[in-house]
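I opened this entry to keep a record of what I looked up, going from the open and closed spaces to the domains, the cores and a few single residues.

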Amino acid sequence: MRISVIGAGYVGLITGVCLAKLGNEVTLIEIDAQKVKALNDRVPPIHEEGLAELMGQVDMDVSSDHQKSRHSEVIFICAGTPSNEDGTVFLGHITAISDQISKVLRSRGDYCVVVVKSTVPPDTTEGIVVPILEKSGKKCGKDFGVCMSPEFLREGKAIYDFMNPARLIVGECDKRSGDTFLRLYESFDAPILRTTLRTAEMIKLASNAFLATKISFMNEIGNICKRLHIDVYDVAEGMGLDDRIGKKFLNAGIGFGGSCLPKDIRMLKTTAREVGYQPRFLDEVTNLNDQQAIRLVRLAKKHINLEGATIGLLGLAFKPGTDDVRDSRAIAVVKALLGEQALVKAYDPLAVENFRKMFPNLDYVSKEEVLNCEAILILTEWEEFNELDYRGKIVIDGRRVARARDARIYEGICW
Ligand SMILES: NC(=O)c1ccc[n+]([C@@H]2O[C@H](COP(=O)([O-])OP(=O)(O)OC[C@H]3O[C@@H](n4cnc5c(N)ncnc54)[C@H](O)[C@@H]3O)[C@@H](O)[C@H]2O)c1
């Protein structure tokens, strides 16, 4: 099929590259000129396992010209939906793109389907995107179709996840929209749930809120276990044997970060408040997560006076396998350490350049230099951290790195 993907970030780029690999004719439309240049030079602007190889194998048209979508049968909206300062969601990219598509629709005589893949609050597709598209003079459900199909890929495993989805959620304004969209996925063997646009939007938010809840829940259990000298990882293993609970997302630590879980739970809470419901449970999931990063710094203070001390950080990315630092727990830890007048040195195999944009004055060093600091805080579970020699060091571990236990003083955040 002929498709356009608007917004070539983590989601859009992976969607475009994978759909091209599956034999579709793909146009990527991206506003950021630097990204367009990088993509045209076949240089991946993000780190993602297997992406560079795949980009070398496929042909895609990459441009910042929205008119390029005028022959596409399916047009994906994959722009970011970040939080505003006040916790509400910024939908400016979604409305701007909808406006651009509307201009394209005006001059089109054929049918196409617009698919919202970005994570948006319930009613965004129906209440905001569709009315903007209809400014073209064309009618949703007649001249064009609309779907909302949330993305569930994990950064670091994005290509695998796209090619092997656990499920396809298809919110559709009508059957023809869903049928057209699903032609793209004919070769996939995943359960498909076809539903309304608003339900699809809510499934995404509820899924991420549930994952965040699992993490905060285990962190709370871990905080209790630590006081009782019980190993929370053994507890998790025992719990996970019950398939109603499941084994995944039971790792206690310094909590969740990234571009999705914190933002999506914020989006859900704001939505709840807007309809007059106080989401007390979800508030607590976030509070626990915020406190967990601070708890790590408090544990460090048990062993070292932070004022003027050189503290080394291992890991800045929100999780291993990515260079993404959005809402990474490292941000809260660095702020707390700087607040204590500590001198911070940091290492990450991939995420330094992204972190530097937020903290340009931090001392970014090699992992060997981090090991020479007065105390070491482990913030991301990169595999290479399990190969370091921690003997003689003070280590406060937020991610359960086995080798770190060789340290002279070792303290786990909730073990
Ligand atoms: N990153 C993830 O792991 C992930 C997973 C599932 C869902 N999501 C959701 O998918 C959406 C996109 O996330 P992302 O991480 O890919 O965001 P991103 O910020 O990495 O990428 C968005 C891209 O859209 C581009 N863009 C913005 N306005 C544009 C315009 N008018 N025209 C063309 N391009 C434009 C930006 O320049 C950027 O490159 C978000 O809603 C996010 O919550 C992300």
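I began with the lining of the second largest pocket, whose residues I found to divide into 4 nonpolar, 3 polar and 6 charged, where Ala, Val, Leu, Ile, Met, Phe, Trp, Tyr, Cys and Pro count as nonpolar, Asp, Glu, Lys and Arg as charged, and the others, Gly among them, as polar. I note here that the model is predicted, that local features need pLDDT of at least 70 and side-chain atom pairs pLDDT 80 or more, while totals for chains, interfaces and linings use all residues. Residues are numbered from 1 along each chain as its sequence is written, and side-chain values use heavy atoms, with hydrogens and water left out.

The second largest pocket has a volume of about 190 Å³, and of the 13 residues that line this pocket, Arg266, Asp290, Asp327, Arg329 and Ala332 are the closest to its centre. Two or more lining residues come from each of helix 10 (261–274), helix 11 (280–303) and helix 12, and helix 12 supplies the largest share, 4 residues. For the record, a pocket is an open set of points on a 1 Å grid over the protein atoms alone, with protein on both sides within 12 Å along at least five of seven lines, a cavity is a set where a 1.4 Å probe fits but cannot get out, and lining residues have an atom within 4 Å of a point. Grid points are joined across faces, edges and corners, and a volume is the space filled by probe spheres set on the points. Helices (H or I, at least four residues) and strands (E, at least two) are DSSP runs, numbered from the N terminus.

I then turned to closed spaces and found 1 cavity of 30 Å³ or more, with a volume of about 30 Å³. Where does the largest cavity lie with respect to domain 1 (2–195) and domain 2 (229–412)? Both domains give residues to its lining, so the cavity lies between them; the bounds come from an automatic or database domain assignment. Among the lining residues of the largest cavity I listed Thr81, Pro82, Lys263, Arg266 and Met267.

The centres of domain 1 and domain 2, taken over C-alpha atoms, are separated by 32 Å, and the contact (heavy atoms within 4.5 Å) takes 16 residues from domain 1 and 15 residues from domain 2.

Next I looked at the largest nonpolar core, which has 59 residues, with Ile311, Leu313, Leu337, Phe355, Leu377 and Tyr390 making the most contacts inside it. Helix 12 (residues 329–339) gives the most to this core, with 6 residues. A second, separate core of 40 residues includes Val26, Leu54, Phe76 and Phe188. A nonpolar core is a set of buried Ala, Val, Leu, Ile, Met, Phe, Trp, Tyr and Cys residues joined through side-chain atoms within 4.5 Å, and buried means under 20% relative accessible area, exposed over 50% and partly exposed in between (1.4 Å probe, protein chains only).

Finally, I compared two loop residues. Glu374 sits between helix 14 (367–371) and strand 12 (375–378) and counts as partly exposed because its relative accessibility is 42%. The C-alpha atoms of Glu374 and Ile311 are separated by 5.9 Å, although their places lie 63 residues apart along the chain. Thr380, in the loop between strand 12 and strand 13 (394–397), is buried, with a relative accessible area of 0%.
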